[in-house]
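Work through the exercises below with the model open. Try each task before reading its solution.

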Amino acid sequence: MTERPSGAAVTRLVTWMPYVLLAGVLLGLVRWVSAPISNADTFFHLRYGHEFLNGWSLQHPGHVSTLGRRDWVPTQWASQMTMALAESAFGLAGVAWLAGFVVLGTTVAVFLVARHYADPLPAVVVTLLVVLATSSDLVPRPQVVSYLLILVVTHVWLRTGADLSPRWWLVPLTWVWACVHGMWPVGILIGFVAVAGIALDNRSRLPELRPVLLRLLAVPVLSLVVAALTPVGPRLFGAVLLVGGRGQFHDEWAATDFRAHDAAAAAILVTVTLLVWLRGRSADGPGWLQVLMLLLAAGWTAYAVRTVPVGAVMVVPLAAAALQGLVGSSRAVPRHDRGLVAGIGVLAVVVLTAVVPFTADRPATVPSWVNPALDRLPDGTTLQTSDLMGGYLLWRHPELNPVIDGYSDAYTTRHLREQRDQLLLRPGWDRTLRTNKVEYALLPTHSKLAYALTTFAGWRVLDTSRDVVMIQAPDGWLS
């Protein structure tokens with residue numbers, strides 16, 4: 001007859017299981033981030049970072065293609081330069097390690113913030129859901145740093161709601177953030193929303209708290225001011241507004257699809273938090289501060305694919321506190337809890353450091369003929385491609401002149417529209433090719449444009465594979 005586990009054994013299992021799960025999540029992320037780099041945006045970030053290191057002005061940066069004719073403003077130059085320095089020192093493995101370090105650090109931070117509001121078990125459940133919600137975006141791109149900072153800013157403002165003490169260090173943090181990535185306005189918006197929530201929670205004491213609220217309000221206001229004092233200057237504000245206006249050209253700015261696993265995970269976090277509040281199961285009922293924060297997180301989750309991770313990391317403290325309300329009173333946890341978590345994180349970084357030199361020292365596989373074929377083209381050859389392939393070309397073949405890449409800030413809206421219409425074979429697509437003096441193309445094999453050029457326009461296939469085809473225009477094409 002099988003013996004039933006004793007109460008002590010069950011207690012030990014419940015006590016240690018969250019830390020085992022956290023270690024498993026971190027090791028899974030090590031495998032994810034140590035794979036050969038395949039994200040196309042990583043490569044154009046590296047190219048731009050090297051250009052800045054080699055003399056580009058932050059006030060008046062140059063262009064990597066003759067088709068980029070728009071004056072643009074760098075919004076993530078510090079990250080790009082850091083990535084380029086990592087590549088110069090350690091190759092692509094250094095870039096993968098740098099991104100992996102930020103990803104692992106963000107995951108540990110998610111657990112620690114959740115742990116501030118809940119026991120280890122609810123905290124690790126929230127961490128798992130956040131990793132799912134952000135998994136599509138955990139790639140070597142500057143935006144990963146923004147997710148960490150959004151988590152920190154949200155947690156800090158919730159703590160400010162409890163003690164009414166302004167965290168002035170958020171002001172210089174915003175200055176750094178504005179040099180790293182373009183999501184810095186999210187942190188300022190969180191600050192304004194938090195001050196509104198704190199005022200509503202203390203509306204019966206507004207006269208006596210007015211000086212305190214003014215000091216709190218000064219934090220996001222000063223943060224807005226210092227964002228204009230980066231090396232880029234006040235032009236940074238216009239660059240942020242431009243991003244939203246160009247969302248039509250990028251799939252990541254499409255409306256959120258809640259059938260996708262990342263959006264579904266973020267929606268679960270928001271929904272569970274709301275349901276626990278409505279049932280009155282939370283230890284502390286939500287005040288206006290928590291309600292406004294949840295609404296803001298839900299808004300980011302629903303806004304666009306790109307902002308799903310923003311909503312997911314914002315809701316971490318709220319969801320952790322809500323889940324704690326479901327499980328009841330706190331259970332015993334190991335002594336030196338934070339030290340244990342830090343040790344797990346350090347172990348994951350050690351494993352990452354050991355494996356990336358062997359797994360991420362090269363880009364993801366491209367057909368063996370691609371680079372030799374491109375190397376044979378004359379320097380300055382204008383090459384038709386897609387924005388996904390353009391980033392790789394900027395990095396691996398800087399001597400060529402791709403028509404488009406993923407960094408749309410450097411291109412006019414008209415050019416972006418023409419490129420989109422061309423790939424969809426809308427009227428005028430062939431005229432656009434001739435206007436841009438394109439005689440070679442590297443395209444997805446089964447794209448509409450590749451089919452039309454080879455079937456109806458007489459273009460010749462030079463090399464092909466399952467995913468990529470290289471074609472050349474017939475004699476007299478440009479005339």
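A residue counts as buried when its relative accessible area is under 20%, as exposed when that area is over 50%, and as partly exposed in between. The model used here is predicted.

**Exercise 1. Burial of β5**

Task: Find how many residues of β5 are buried, and say what follows for the strand.

Solution.
- Step 1. Take the stretch: β5 covers residues 468-472.
- Step 2. Apply the cut-off. Five of the five residues of β5 are buried.
- Step 3. Conclude. The strand is therefore largely enclosed by the rest of the structure.
- Step 4. Split the strand by face. Val468, Met470 and Gln472 lie on one side. Val469 and Ile471 lie on the other. Both faces are covered.

**Exercise 2. Strand order and edges**

Task: Give the order of the strands in the open sheet, then explain why β2 and β4 each have one side without a neighbour.

Solution.
- Step 1. Read across the sheet. The five strands run β2-β1-β3-β5-β4, and the pairing is mixed.
- Step 2. Go to the edges. β2 (401-402) and β4 (460-464) stand there, each with a single partner strand, so one side of each has no neighbour in the sheet.
- Step 3. Recall the rule for pairing. Backbone hydrogen bonds link the strands of a sheet, in a parallel or an antiparallel sense.

**Exercise 3. Pairing register**

Task: For β3, state the sense of pairing with β1 and with β5, and pick out bridge partners.

Solution.
- Step 1. Start with β1 and β3. Two bridges join them in the parallel sense. Gln384 has Ala441 of β3 as its bridge partner.
- Step 2. Move to β3 and β5. These run antiparallel and share five bridges. Leu442 stands opposite Met470 in β5. Ala441 is bridged to Ile471 of β5.
- Step 3. Check cover. Four of the five residues of β3 are buried, which leaves the strand mostly covered.

**Exercise 4. The hairpin**

Task: Describe how β4 and β5 are joined and paired.

Solution.
- Step 1. Count the link. Three residues lie between β4 and β5, and the two strands form a hairpin.
- Step 2. Give the sense. The pair is antiparallel, with four bridges.
- Step 3. Fix the register. Thr464 has Val469 of β5 as its partner. Val461 has Ile471 of β5.

**Exercise 5. A helix across the sheet**

Task: Which strands does α20 lie across, and at what angle does it run to β3?

Solution.
- Step 1. Locate the helix: α20 spans residues 448-455.
- Step 2. List the strands. The helix lies across β1 (382-384), β3 (440-444), β4 and β5.
- Step 3. Read the angle. The helix runs at about 135° to β3.

**Exercise 6. Two cavities**

Task: How many cavities of 30 Å³ or more are there, and what lines each?

Solution.
- Step 1. Count. There are two cavities of 30 Å³ or more.
- Step 2. Take the largest cavity. Its space is about 80 Å³. Its lining includes Trp157, Trp177, Trp184, Gly187 and Pro220.
- Step 3. Assign helices. α6 (143-163), α7 (170-180), α8 (184-201) and α9 (206-227) each supply at least two lining residues. The most come from α8, with four.
- Step 4. Classify. The lining of the largest cavity has eight nonpolar residues, four polar and no charged.
- Step 5. Take the second largest cavity. Its space is about 70 Å³. Among its lining residues are Leu29, Val103, Thr107, Val131 and Tyr147.
- Step 6. Assign helices again. α4 (92-117) and α5 (120-134) each give at least two residues to this lining. The largest share, four residues, is from α4.
- Step 7. Classify again. The lining of the second largest cavity has seven nonpolar residues, three polar and no charged.

**Exercise 7. Positive phi**

Task: Place Leu164 and Leu425, and decide for each whether it is buried, partly exposed or exposed.

Solution.
- Step 1. Check the backbone. Leu164 is not a glycine, yet its phi is positive, at about 60°. Leu425 also has a positive phi, near 60°, and is a residue other than glycine.
- Step 2. Place them. Leu164 sits in the loop between α6 and α7. Leu425 sits in the loop between α18 (413-423) and α19 (429-435).
- Step 3. Apply the cut-off. Leu164 has a relative accessible area of 19%, so it is buried. Leu425 has 29%, so it is partly exposed.

Definitions and conventions: Residues are numbered from 1 along each chain as its sequence is written. This is a predicted model: local features need pLDDT of at least 70, side-chain atom pairs count only at pLDDT 80 or more; totals for chains, interfaces and linings use all residues. Side-chain values use heavy atoms; hydrogens and water are left out. Two strands pair if DSSP finds at least two bridges between them. Contact means heavy atoms within 4.5 Å. Axes are lines fitted to C-alpha atoms, for helices over the stretch in contact, and angles run from 0 to 180 degrees between N-to-C directions. On a 1 Å grid over the protein atoms alone, a cavity is a set of points where a 1.4 Å probe fits but cannot get out, and a pocket is an open set with protein on both sides within 12 Å along at least five of seven lines; lining residues have an atom within 4 Å of a point. Grid points are joined across faces, edges and corners, and a volume is the space filled by probe spheres set on the points. Ala, Val, Leu, Ile, Met, Phe, Trp, Tyr, Cys and Pro count as nonpolar, Asp, Glu, Lys and Arg as charged, and the others, Gly among them, as polar. Buried means under 20% relative accessible area, exposed over 50%, partly exposed in between (1.4 Å probe, protein chains only).
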